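Subject: Structure for your review

Dear colleague,

Please find below the structure I am handing over to you, together with its sequence. A summary of what was found in it follows.

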Amino acid sequence: MTTCGSVFIDRPHSMMDRELLKQREDFKKHASKNVSVQQRPSAPSSSYTTYKSEENKKKKKKATTNDPQISAKSLSEYNKSQGLPSGPAGIISAEANSQNFSLLAKIVDYMKRRHLEDKKWGLTLREILEELQLDAVVNKRQEAWLEQFLPQNHKLTVDETQKLIYRPPHKVKNRQTLLQLLQKYEREGKGGILLSELNECMPNVEKYIQQLGNQVIAMPTQHNKRKDQVFFYNNPDTDFTIDEDYQQLWRSINVDHLDEKKIEEYLSKHGILTMKDLQPKRLQGGPPKRKTAKRKTNQRVHNEHLSDVLQDYEQG
């Protein structure tokens with residue numbers, strides 16, 4: 001709109017509006033294509049939490065394992081605790097030590113397999129290495145280490161000729177010796193015997209267990225985080241029948257949700273006493289101490305040596 005004197009002349013604004021609208025639409029399209037949201041830096045949380053995401057754990061683990069200073073420090077500390085040299089010599093000795101223990105485990109496993117195959121005669125270290133085809137791999141230092149520590153292993157023993165023999169956990173050879181061992185455990189109150197231990201004594205243990213039949217009670221268990229079985233001797237002298245009413249009454253009472261203290265409180269509330277302190281009491285503190293004689297306090301007497309000379313003048 002323009003003014004000419006006192007007369008107002010109106011110009012059409014349709015062309016300008018269209019151009020402005022077109023520019024506005026172009027700007028919105030351009031902004032929508034190139035839009036980028038900038039995230040604000042998150043402020044440190046004031047609340048403490050112990051939760052760590054898996055990514056943080058992996059990053060931390062990777063950083064610790066890849067850091068040569070940390071690995072060298074942990075290795076030097078381990079060598080120091082084991083009495084091994086530190087530094088490059090300690091790295092070499094730790095690697096050699098792991099190789100020695102690996103050889104020892106292979107030899108023990110081989111001697112166990114020989115025992116289960118009924119090859120129960122002794123072997124020297126050199127004979128064992130030849131049968132394992134390790135005689136060309138093991139050096140003199142490793143051989144000396146094995147000669148020192150193999151006889152100390154609890155699964156091996158040495159015969160009269162100083163040869164190594166596998167020592168099983170139990171002396172079991174057949175079904176009869178297995179039954180005698182179970183009877184001995186039951187008689188001495190030692191409980192049952194694990195299947196994993198019997199498998200190291202003789203082959204086909206489960207076949208002998210089936211042959212014994214009702215003389216053995218088998219129960220599933222867990223040993224060293226592995227499924228296992230434990231076998232007990234079923235003594236017929238301790239078998240007795242219980243009335244069905246008592247069995248139902250026993251099974252009707254559920255005490256899984258109670259601990260021993262609550263069970264004891266329940267019994268005492270109903271007038272049933274529980275046995276306590278069955279083990280003999282031990283003397284604490286060693287032998288009794290001798291009683292020390294009390295010292296008499298000296299009473300001070302004034303002017304005792306002048307008793308014949310002094311006179312009392314209060315009454316005079």
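Helices and strands are here taken as DSSP runs, helices of at least four residues and strands of at least two, numbered from the N terminus. The model is a predicted one. By that assignment, the protein has eleven helices and seven strands.

Some overall values may be useful before the details. Of the 316 residues in the protein, 17% are buried. The accessible surface amounts to about 28,600 Å², and carbon and sulfur atoms hold 52% of that surface. Among contacts with a separation of 6 or more, 49% are between residues 24 or more positions apart.

Most of my notes concern helix 7 and the loop that precedes it.

V172 belongs to the loop between strand 4 (164-166) and helix 7. With a relative accessible area of 5%, V172 counts as buried, because the cut-off for that term is under 20%. Residues up to four places away in sequence aside, V172 is in contact with T177, L178, L181, L198, C201 and M202. One of these partners, M202, is 30 residues from V172 in sequence, yet the two C-alpha atoms are 6.8 Å apart.

At the N-terminal end of helix 7, N174 acts as a cap: one of its side-chain oxygens is 3.3 Å from the backbone nitrogen of Q176. Helix 7 itself covers residues 175-188, 14 residues in number; at 1.5 Å a residue these should span 20 Å, and the end C-alpha atoms are indeed 20 Å apart. Just after the helix, G189 adopts a positive phi of about 70 degrees.

Which residues of helix 7 are buried? They are L178, L179, L181, L182 and Y185. Viewed down the helix axis, these buried residues fall within an arc of 160 degrees, so they line one face of helix 7. In general, an α-helix has 3.6 residues a turn, so residues three or four places apart point the same way. The cover over the buried residues of helix 7 includes strand 5 (193-194), helix 8 (195-199), helix 9 (205-212), strand 6 (216-223) and strand 7 (226-233).

A further residue to note is Q142, in helix 6 (residues 140-149). Is Q142 buried or exposed? Its relative accessible area is 10%, so Q142 is buried. Neighbours within four places in sequence left aside, Q142 makes contact with Q99, N100, L103 and V137.

With kind regards

Conventions:
Residues numbered from 1 in each chain as written. Predicted model: local features only at pLDDT ≥ 70, side-chain atom pairs only at ≥ 80, totals over all residues. Heavy atoms only, no water. Buried < 20%, exposed > 50% of the residue type's maximum accessible area, 1.4 Å probe, protein only. Contact = heavy atoms within 4.5 Å. Expected span 1.5 Å × (residues − 1). Arc of directions from axis to C-beta. Polar contact = N/O pair within 3.5 Å; in protein donor to acceptor, adjacent residues only side chain to side chain. Areas by Shrake-Rupley, 256 points an atom, 1.4 Å probe, with all protein chains shown as cover.
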